[in-house]
Amino acid sequence: VIIPVTITIPIEKLTLLPEGTDLAGRFSIYAAFLRKDGAVSKVAQAPQSFKFPAESLKRRKDLTFKLDVTTDDETNGISVGVMDEISRATGFAAVKVASE
């Protein structure tokens with residue numbers, strides 16, 4: 001079963017470094033799923049880099065990332081973590097998966 005997950009990160013929570021006339025940053029997304037029997041999947045990591053024109057910062061509120069998490073029929077929750085690769089700041093969320 002593939003479950004689409006949308007992760008929204010406030011730009012103000014990410015460390016931005018100047019690169020010429022651009023701002024750039026790096027973060028990693030970590031995801032795992034939990035099964036009804038208590039088993040936890042291997043944690044998947046997806047490193048990401050981004051860059052945008054520095055002059056556009058005032059118009060930017062969030063960075064959105066879409067991730068497809070592959071699970072099995074016994075999955076009842078997904079846990080996601082985000083870590084800013086520069087500041088090492090983290091954020092976490094968990095959601096229950098509705099069983100059919």
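**Close-up views of a predicted model**

**View 1. Arg-88 in its loop.** At 48% relative accessibility, Arg-88 counts as partly exposed (buried means under 20% relative accessible area, exposed over 50% and partly exposed in between, using a 1.4 Å probe and protein chains only). The model shown here is predicted: local features need pLDDT of at least 70, side-chain atom pairs count only at pLDDT 80 or more, and totals for chains, interfaces and linings use all residues. Residues are numbered from 1 along each chain as its sequence is written, and side-chain values use heavy atoms, with hydrogens and water left out. To find Arg-88, look in the loop that runs between β6 (75-84) and β7 (90-96) (strands are DSSP E runs of at least two residues and helices are H or I runs of at least four, numbered from the N terminus). Arg-88 is not a glycine, yet its phi is positive, at about 70 degrees. Most residues other than glycine have a negative phi. Try tracing the chain from Arg-88 to Asp-73: these two are 15 residues apart in sequence, and their C-alpha atoms are separated by 34 Å.

**View 2. Arg-88 and its partner, Glu-85.** Zoom in on the side chains of these two residues and you will find a salt bridge, with 2.8 Å from N to O (a side-chain nitrogen of Lys or Arg within 4 Å of a carboxyl oxygen of Asp or Glu). The side chains of Arg-88 and Glu-85 are also joined by a polar contact of 2.8 Å (N or O atoms within 3.5 Å, one able to donate a hydrogen and the other to accept it; residues adjacent in sequence count only if both atoms are side-chain atoms). Glu-85 has a relative accessible area of 21%, so this residue counts as partly exposed.

**View 3. More salt bridges to explore.** How many salt bridges does a search of the whole structure find? The search gives 4, and the pair of Glu-85 and Arg-88 is one of them. Another links Asp-37 with Arg-35, where the closest N and O atoms are 2.6 Å apart. Asp-37 is exposed, because its relative accessibility is 54%. Its partner, Arg-35, is partly exposed, with a relative accessible area of 27%. Glu-55 and Arg-59 also meet through their side chains in a salt bridge, at 3.4 Å from N to O. Both of these residues are exposed.

**View 4. Ser-56, in a loop between two strands.** Follow the chain from β4 (44-53) towards β5 (62-70), and Ser-56 appears in the loop between them. Is Ser-56 buried or exposed? With a relative accessible area of 2%, Ser-56 is buried. Its side chain is joined to that of Arg-60 by a polar contact of 2.8 Å.

**View 5. The largest nonpolar core.** This core has 19 residues (buried Ala, Val, Leu, Ile, Met, Phe, Trp, Tyr and Cys residues joined through side-chain atoms within 4.5 Å). Those touching the most other members are Val-5, Ile-7, Phe-27, Ile-29, Leu-67, Ile-78 and Val-80. Two or more residues come from each of β1 (2-10), β3 (22-35), β4, β5 and β6. The largest share belongs to β3, which gives 5 residues. In soluble globular proteins, nonpolar side chains tend to be buried together.

**View 6. The surroundings of Leu-67.** Which residues is Leu-67 in contact with, leaving aside its neighbours within four places in sequence? They are Ile-3, Pro-4, Val-5, Ile-7, Ile-29 and Ala-31 (contact means heavy atoms within 4.5 Å). Leu-67 is also among the core residues that touch the most other members.
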